[in-house]
Amino acid sequence: MEYNNYQSFPKDFLWGGSTSAYQVEGAYNEDGKGLSVQDTKEITPGTTDFKVASDHYHRYKEDISLFSELGFKAYRFSVAWTRIFPNGDGEINEKGIEFYSNLIDECLAYNIEPIVTMYHFDLPDQLNQKGGWSNPYTSEAFVNYAKVLFERLGDKVNYWLTINEQNMMILHGAAIGTVNKKVSNVKKDLYQQNHYMLLAQARVMKMCHQLCPHAKIGPAPNISEVYPETSNPKDFLAAQNLNSIRNWLYLDVAVYGRYDPLALAYLKDRGLAPEITDEDLEILKEGKPDFIAFNYYNTSTVAYSSMEDAVVGPEDGDQQIELGEKGVYKAVYNSYLKRTNFNWEIDPDGFRATLRSVYQRYGLPIIITENGLGEYDELTEEKKIKDQYRIEYLRDEIRAMKLAISDGVEVFGFCPWSAIDLVSTHSGIRKRYGFIYVDRDEFDLKNLTRIKKDSFTWYQNVIRTNGEEL
């Protein structure tokens with residue numbers, strides 16, 4: 001839709017950037033930290049591990065200073081569960097509390113709002129050895145962990161995120177390293193894990209309102225609009241199928257306290273439905289988010305699929321788009337979209353469409369907690385990173401977000417991935433997202449010097465003008 005008068009970003013808009021603990025901190029076994037599944041998983045051949053990452057643990061003061069120079073109003077980061085409870089439960093590691101308290105204080109000293117994610121793919125390995133999220137005890141441990149965060153850090157944090165990309169852990173857990181081969185990986189088990197996570201999330205949201213009445217809390221899934229490949233009604237139904245299974249299954253429970261009916265019908269028919277008690281339903285209804293945070297990178301495009309289909313995805317077997325499922329949907333490339341060098345489709349209009357859909361469905365304020373371009377950034381002889389491609393990508397995405405605000409969508413923050421270069425979950429350090437370059441290679445740590453990219457100066461001006469100059 002085009003308008004006669006377009007809206008601007010709110011004056012108090014939270015411009016910032018995002019990271020996650022295991023991808024940026026390093027210091028994987030220092031100061032009492034235990035091992036997470038990201039420390040013990042098999043690393044993609046040819047890529048680095050997370051032992052040092054960007055060494056944010058030792059250099060956070062330097063990094064926060066750079067974020068302040070960049071103009072950040074907010075910094076979205078995650079707490080490593082195993083820094084607080086090395087084994088997932090038991091005795092609190094005071095050194096872990098101290099680190100995050102200092103990190104938050106450093107943000108506040110620069111008037112940067114800390115936005116804290118409680119769980120970002122890094123389940124304590126000791127809990128994983130006991131069944132992970134398949135074991136109801138993990139939900140109890142998570143609730144206890146959250147209680148400690150609220151009690152020890154809650155007076156300094158106004159925005160909490162519960163679980164990062166829960167839907168991706170269920171749908172693509174093997175790819176992101178959250179599924180341990182020692183425990184069951186069958187679909188039914190995964191959806192039971194999902195249910196236990198949803199219960200834990202509801203309890204934590206309720207607890208936040210009780211222990212930190214000044215604070216706000218919400219879920220943080222990966223949400224992406226799904227297009228039908230053609231105007232064939234069967235393709236449209238396939239798009240509705242994936243929208244429910246990929247998106248609304250997770251947000252409907254978080255917001256409404258009930259399962260999306262289409263997604264639940266699918267789970268029941270396929271024998272994947274979790275065990276849900278009456279008590280569970282009461283718990284889910286009591287979890288009331290204050291906002292929705294979501295990560296957006298691209299959209300999905302699907303076509304009709306029958307039970308007789310031999311192939312339900314692209315013939316090249318590419319894993320960067322949805323995988324497809326017989327009788328549910330067939331995954332296809334969108335011929336109207338360009339792709340990145342990592343084969344991710346680029347779709348700023350889809351960003352606007354996704355914002356519309358989420359707000360129309362739930363009516364809650366929205367903050368974007370990931371969005372960005374992963375590329376092979378090259379350091380020149382002059383120690384420059386000319387990432388015009390990232391500037392152009394983010395310019396289009398921010399413009400689309402601004403149009404969504406004109407559409408009536410309430411967006412209060414934008415924290416793209418990532419604030420600084422970090423180690424990609426399955427592509428190593430070679431796939432860079434940050435505004436700040438970290439001078440290291442896949443297996444050569446060099447000196448980890450921080451270098452401002454061209455996108456740093458550009459985003460600095462975007463923030464200074466509150467999105468008016470793109």
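Where is the place of Asn 343? In this predicted model, Asn 343 sits in the loop between strand E9 (330–332) and helix H14 (348–362). That loop is one of several spots worth a visit, so to speak, and the tour below starts with the sheet before coming back to it.

## The open sheet

Let us begin with the strands. Eight of them form an open sheet, with parallel pairing, in the order E5-E4-E3-E2-E1-E11-E10-E7. At its edges are strand E5 (216–220) and strand E7 (292–295), each of which pairs on one side only. Direction ignored, neighbouring strands of this sheet are turned against each other by 25 degrees on average.

At the E7 edge, the pairing partner is strand E10 (residues 366–370), and the two strands run in the parallel sense over 4 bridges. If you would like a single pair to look at, take Asn 295, whose bridge partner in E10 is Glu 370.

## Helices H10 and H11

Two packed helices are described by the angle between their axes and the distance between the axes. For H10 and H11, the axes come within 10 Å and cross at roughly 35 degrees. The crossing of this pair is right-handed.

Which residues meet where H10 and H11 are in contact? From H10 come Tyr 191, Asn 194, Leu 198, Gln 201 and Met 205, while H11 brings Ile 245, Leu 249, Tyr 250, Val 253 and Ala 254. Sorted by class, this contact has 8 nonpolar and 2 polar residues, and no charged ones.

## Helix H13 and its two faces

Helix H13 (residues 278–286) has three names to remember on its buried side: Asp 280, Ile 283 and Leu 284. Viewed down the axis of H13, these buried residues fall within an arc of 100 degrees, so they line one face of the helix. On the face turned away from that buried side are the exposed residues Asp 278 and Glu 279.

What do the buried residues of H13 pack against? Their partners are helix H10 (187–211) and helix H11 (233–256), the pair whose axes cross at roughly 35 degrees.

## Backbone points to check

Most residues other than glycine have a negative phi, and most peptide bonds are trans. Against that background, a few places deserve a closer look.

Asn 343, in its loop between E9 and H14, has a phi near 70 degrees, a positive value in a residue other than glycine. Is this asparagine buried or exposed? With a relative accessibility of 17%, Asn 343 counts as buried, because the cut-off for that class is under 20%. Lys 383 is not a glycine either, yet its phi is positive at about 60 degrees. This lysine lies in the loop between E10 and helix H15 (388–406), and its relative accessibility of 48% makes Lys 383 partly exposed.

The peptide bond from Trp 417 to Ser 418 is cis, with omega near 5 degrees. Ser 418 belongs to the loop between strand E11 (411–414) and strand E12 (436–438).

## Before the first strand

Asp 12 is found in the segment before strand E1 (14–18). With a relative accessible area of 62%, Asp 12 is exposed. In sequence, Asp 12 and Val 116 are 104 residues apart, and in space their C-alpha atoms are separated by 19 Å.

Conventions
Residues are numbered from 1 along each chain as its sequence is written. This is a predicted model: local features need pLDDT of at least 70, side-chain atom pairs count only at pLDDT 80 or more; totals for chains, interfaces and linings use all residues. Side-chain values use heavy atoms; hydrogens and water are left out. Buried means under 20% relative accessible area, exposed over 50%, partly exposed in between (1.4 Å probe, protein chains only). The arc is that of the directions from the helix axis to the C-beta atoms. Contact means heavy atoms within 4.5 Å. Axes are lines fitted to C-alpha atoms, for helices over the stretch in contact, and angles run from 0 to 180 degrees between N-to-C directions. A crossing is left-handed if the near helix is turned anticlockwise from the far one by less than a right angle, and right-handed if clockwise. Ala, Val, Leu, Ile, Met, Phe, Trp, Tyr, Cys and Pro count as nonpolar, Asp, Glu, Lys and Arg as charged, and the others, Gly among them, as polar. Two strands pair if DSSP finds at least two bridges between them.
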